[in-house]
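Have the model open in your viewer and a selection box ready. We will go from stop to stop, picking a few residues each time and looking at what is there.

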Amino acid sequence: WVANTPVDAPRRLWVPRAQPQGAYQIEASTDLGEWSVIGAAELVPGSGRYEFAEPQLGLRYRFYRVRVP
């Protein structure tokens, strides 16, 4: 994923192709070189989908990737 508009409200990211009972870490980068874990995707009850809400607002852009710990 990439967010290329200012993040001025909580942004929700969906984890595609998630496996039930999986654990997914969300990492973020502003330069695609250095990545930091910024949280974990959580299972949305009854949907079978995982969701992550961006915790840091006011960024111009940010890249995301999902990792399985």
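Start by selecting the hairpin of strand 3 and strand 4: six residues lie between the two strands, and Leu32 has a positive phi near 65 degrees there. Strands here are DSSP E runs of at least two residues, while helices are H or I runs of at least four, numbered from the N terminus. You are looking at a predicted model, in which local features need pLDDT of at least 70 and side-chain atom pairs count only at pLDDT 80 or more, while totals for chains, interfaces and linings use all residues. Residues are numbered from 1 along each chain as its sequence is written, and side-chain values use heavy atoms, with hydrogens and water left out.

Stay on Leu32 for a moment. Most residues other than glycine have a negative phi. Leu32 is not a glycine, yet its phi is positive. With a relative accessibility of 51%, Leu32 counts as exposed (exposed is over 50% relative accessible area, buried under 20%, partly exposed in between, using a 1.4 Å probe and protein chains only).

Which side chain has a polar atom 2.8 Å from the backbone nitrogen of Leu32? Select Ser29 and you have found it. Ser29 sits in strand 3, residues 25-29, and is buried at 3% relative accessible area. Beyond its neighbours within four places in sequence, Ser29 is in contact with Glu34, Trp35, Arg62 and Phe63 (contact means heavy atoms within 4.5 Å).

Now select the whole of strand 3. Four of its five residues are buried, so strand 3 is largely enclosed by the rest of the structure. Strand 3 runs antiparallel to strand 4, with four bridges, and antiparallel to strand 7 (residues 62-67), with five bridges; two strands pair if DSSP finds at least two bridges between them. To see one position on each side, show Ala28 opposite Ser36 in strand 4, then Glu27 with its bridge partner Arg65 in strand 7.

Next, pick Gly39 in strand 4, residues 36-40. Is Gly39 buried, partly exposed or exposed? At 24% relative accessibility, Gly39 is partly exposed. Draw a distance from its C-alpha to that of Gln25, and you should get 6.0 Å, although the two are 14 residues apart along the chain.

Move on to strand 5 (residues 42-44) and strand 6, an antiparallel pair with three bridges. Four residues separate them in a hairpin, and Gly46 in the turn has a positive phi of about 80 degrees. Along strand 6, Tyr50 and Phe52 point to one face and are buried, while Arg49, Glu51 and Ala53 point to the other and are not.

Keep Tyr50 selected and add Tyr24. Their rings are an edge-to-face pair, 5.0 Å centre to centre with 70 degrees between the planes (Phe, Tyr and six-membered Trp rings pair with centres within 6.5 Å; planes under 30 degrees apart are stacked, over 60 edge-to-face, the rest tilted). Tyr24 lies in the loop between strand 2 and strand 3 and Tyr50 in strand 6, so the pair ties together parts that are 26 residues apart in sequence.

Finish with the largest nonpolar core: select Tyr24, Ile26, Ala28, Ala41, Tyr50, Phe52 and Tyr64. Such a core is a set of buried Ala, Val, Leu, Ile, Met, Phe, Trp, Tyr and Cys residues joined through side-chain atoms within 4.5 Å. Strand 3 and strand 6 are the elements that give two or more residues to this core.

How values were computed
Polar contact = N/O pair within 3.5 Å; in protein donor to acceptor, adjacent residues only side chain to side chain.
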